[in-house]
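Colleague: I am new to this structure. May I ask about the labels one by one, and hear the value and the rule behind each?

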Amino acid sequence: MDLFDTISPIDYRYYGDNPDFFERLQPYMSEKANIDYLLRVEVALTKMLERWKICPEGIADQVEEASRGIPATEVYEEERRVHHNIRALVNCIRKRISPEARPFVHLFATSADIMDSAAALRYKELVRDVLLPDLIALESRLIILAKAYAEQPQIGRTHGQHAVPTTFGYAMALYVSRIGSRIQAIDRAHRNLRGKFSGAVGAFNALSLFYPDDPAVLELELLETLGLKPVEPSVSSQIVEPEPLTDLAYSVISCFSVLANLADDMRNLIRNEIGEVVDKYKDEEVGSSTMPHKMNPKNFENVKSLWKEFMPRMTTVFMDQISEHQRDLTNSASGRFVPELFTGFCYATMRMSEALAKIQPNRRRMEENLESSKQHVVAEPLYIILALNGHPDAYDTVMQMSRESRRTGVTLIELAKQKRELAPYLANLKPHLQEILDDPAKYIGAAPARTSAVCDYWEPVCDTLRRQLEVERQDARRSASAKLVRSSNNGHGY
C-alpha cells in the first residue's frame, strides 16, 4: 500500500513521512510492534510454566522460536477467520509447534492478561527509550538558552501589555522548570504501569486449579520477568486497573500543554511588531504562495496545532476508565488510538527541539522594546520606593502621575521631580534605588540569579535521569542478546 493511500496524517505526514522518526517509533507504536509485544508476553508465560514444571522442558523454546516468525498480517488473517484477536495470535503460535507443546500456549491466561501486560511493557519501553530521552534533550536546549540570556533585559508582559522588565533567560527558565516537573511526572507514571495475570474475572480462578494456596505468586513471577508489577496487592477485574495508564497519558498531555504554551510565546516573540526572536530559514523555504517576502513560524505553529488535536483525546482516556462489571468492550476501539497520542507528543517534542535550534534571540529588539516603555514601567519601583519611605497614598499618587505622563508626554520621573510634596520621600535614596529610577531597564529584580538557580537545579536532575535511562536500556539490550544466544543454542523447529 502506498503511504498516501492512508487516512491519518500521523501515517502519511508525520510518523510515516519522516524516516528517522519512523525508525525510532516503529518498534513501539506500530501495529507490528503491538503483535510483537503480545508475543513476548505469551513467550514469557510458557517460560514461567516450564519453571513451575507445568509443562515439559523445551516447550518454551518452541514457543519462542515460533513467535519470531509470525508476521502481523498472518495474525490479522486468522482474526478475520475466528473473530478474536488473541485467539488468532494463539492459533498462529500453535500451528508452528509440536502437538505436545500446544496445550501449554496461553494456558491459564485470558486475553486481557496478555493485552494489558503487553501494553504496559510497550508504553514503558517507549517512554524509557524515546519519549523521556527526547524531552531531556529539549530541556537541555532550554537550559542553554536560559543560561546564555540570563542577564539580557526584556520587557515583561502580562495580559499582552508591557509590564515590568525581566530577562529573556528568566522567561526560558520558567519553561525549564515546567518541563522539568513534567519529566519527573512522566518518569513516575511510566514506572508505575502495571500488568496482570489473574484470569477471566481477575480472581485467579484458572490458576487456583493448579496452585490454590496463593496463585498470585505466579502473576508476580511472570510480570517480574517482563519488568512489570501487578497492581498491589494483586487485584483486578478481567482488565488491569486503568489508572496507571491514565496517569501516564495525563502526564504526557500535561507536558504537551507546556510545549503548546512555549510554542505560543515563541511565535509571538517572532511577530514583526515584537521581533525579539528571529526564526532562521533555509534558502529554499517558502512562507507564502503569493507573498515572496513572507516567512512563518511554522514549527511553533505545528506544535500548537498538534496539541489541539491530541489534548482532547485525554477525555477519551478518562472515559476508558469505565468498564461495566468485570469488563466490557466499550474501550476496545478507543484504546487502539492511545499509541497515536504518544506518537503525536513525541513528534511535537522533536519539532520543538528543531524549532529552538533555529531561533536567534534579538538583543537589539529586546532593548528597543524595553526602551519604548521604560519611562512608564518605572511606575512600580517608584510607587514601592515612596511607600517604603512612608508615603500614605503612594499607589494612587503614582497612578495619577502615570496617566498625566501619558497625556502630556512628560516622563513619569520628571513629573515626580516637579511635585514638591514628593521630595522628602525621594531624598537620600540608596544608590541601587536611585539607579533604577534613573534607568528602569535595570529593574530586573532577581531574574539572573533565579535563572541560574533554576538551571542549576534541573540540569543535574535531568543528567541523572538520562544516565539512569541509558543504563536501563543497555541492561535490556544485554538481556535480550543473552536470550537470543540461549535460543540459538537450544532452539527447536517444527
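Colleague: Why is Y211 called partly exposed?
Modeller: The relative accessible area of Y211 is 27%. Buried means under 20%, exposed means over 50%, and partly exposed is what lies in between, with a 1.4 Å probe and protein chains only. The value for Y211 falls in between, so the residue is partly exposed. W52, at 25% relative accessibility, is partly exposed for the same reason.

Colleague: What kind of model are these values computed from?
Modeller: This is a predicted model, in which local features need pLDDT of at least 70 and side-chain atom pairs count only at pLDDT 80 or more, while totals for chains, interfaces and linings use all residues. Residues are numbered from 1 along each chain as its sequence is written, and side-chain values use heavy atoms, with hydrogens and water left out.

Colleague: How many aromatic pairs are there, and what makes W52 and Y211 one of them?
Modeller: The count is 13 aromatic pairs. In the pair of W52 and Y211, the ring centres are 5.2 Å apart and the planes are at 70 degrees. Rings of Phe, Tyr and Trp (its six-membered ring) pair if their centres lie within 6.5 Å, and the planes then count as stacked under 30 degrees apart, edge-to-face over 60, and tilted otherwise. Both values meet the rule, so W52 and Y211 are an edge-to-face pair.

Colleague: Which parts of the chain does that pair link?
Modeller: Distant ones: W52 is in the loop between α3 (31-51) and α4 (59-68), and Y211 is in the loop between α9 (205-210) and α10 (216-225), 159 residues apart. Helices here are DSSP runs (H or I) of at least four residues and strands are runs (E) of at least two, numbered from the N terminus. Ring pairs also join W52 and Y211 with F108 and F210 in a cluster.

Colleague: Why is the pair of Y383 and Y395 called edge-to-face?
Modeller: Their ring centres are 5.4 Å apart and their planes stand at 90 degrees, so the pair is edge-to-face. Y383 lies in helix α16 (residues 379-388) and Y395 in helix α17 (residues 394-408), so the pair ties together parts 12 residues apart in sequence.

Colleague: What makes K32 and D36 a salt bridge?
Modeller: Their closest N and O atoms are 3.0 Å apart. A salt bridge is a side-chain nitrogen of Lys or Arg within 4 Å of a carboxyl oxygen of Asp or Glu, so the pair qualifies. K32 and D36 are both in helix α3, 4 residues apart, about one turn of the helix. The count of salt bridges comes to 35.

Colleague: How do you know that K95 and E74 belong on that list?
Modeller: For K95 and E74, the closest N and O atoms are also 3.0 Å apart. The pair links distant parts of the chain, with K95 in the loop between α6 (85-94) and α7 and E74 in helix α5 (residues 72-82), 21 residues apart.

Colleague: Are K95 and E74 buried or exposed?
Modeller: K95 has 57% relative accessibility, so it counts as exposed. E74 has 13%, so it counts as buried.

Colleague: Why is S117 called buried?
Modeller: Its relative accessibility is 1%, so S117 counts as buried. S117 lies in helix α7 (residues 111-148). Leaving out residues up to four places away in sequence, S117 touches V41, A112, G195, K196, L223 and L228, where contact means heavy atoms within 4.5 Å.

Colleague: How is the packing of helix α11 and helix α12 described?
Modeller: Two packed helices are described by the angle between their axes and the distance between the axes. Helix α11 (residues 243-270) and helix α12 (residues 298-310) pack at about 145 degrees, with axes 8 Å apart. Axes are lines fitted to C-alpha atoms, for helices over the stretch in contact, and angles run from 0 to 180 degrees between N-to-C directions. Among the residues that meet are F256 and L259 in α11 and F300 and W307 in α12.
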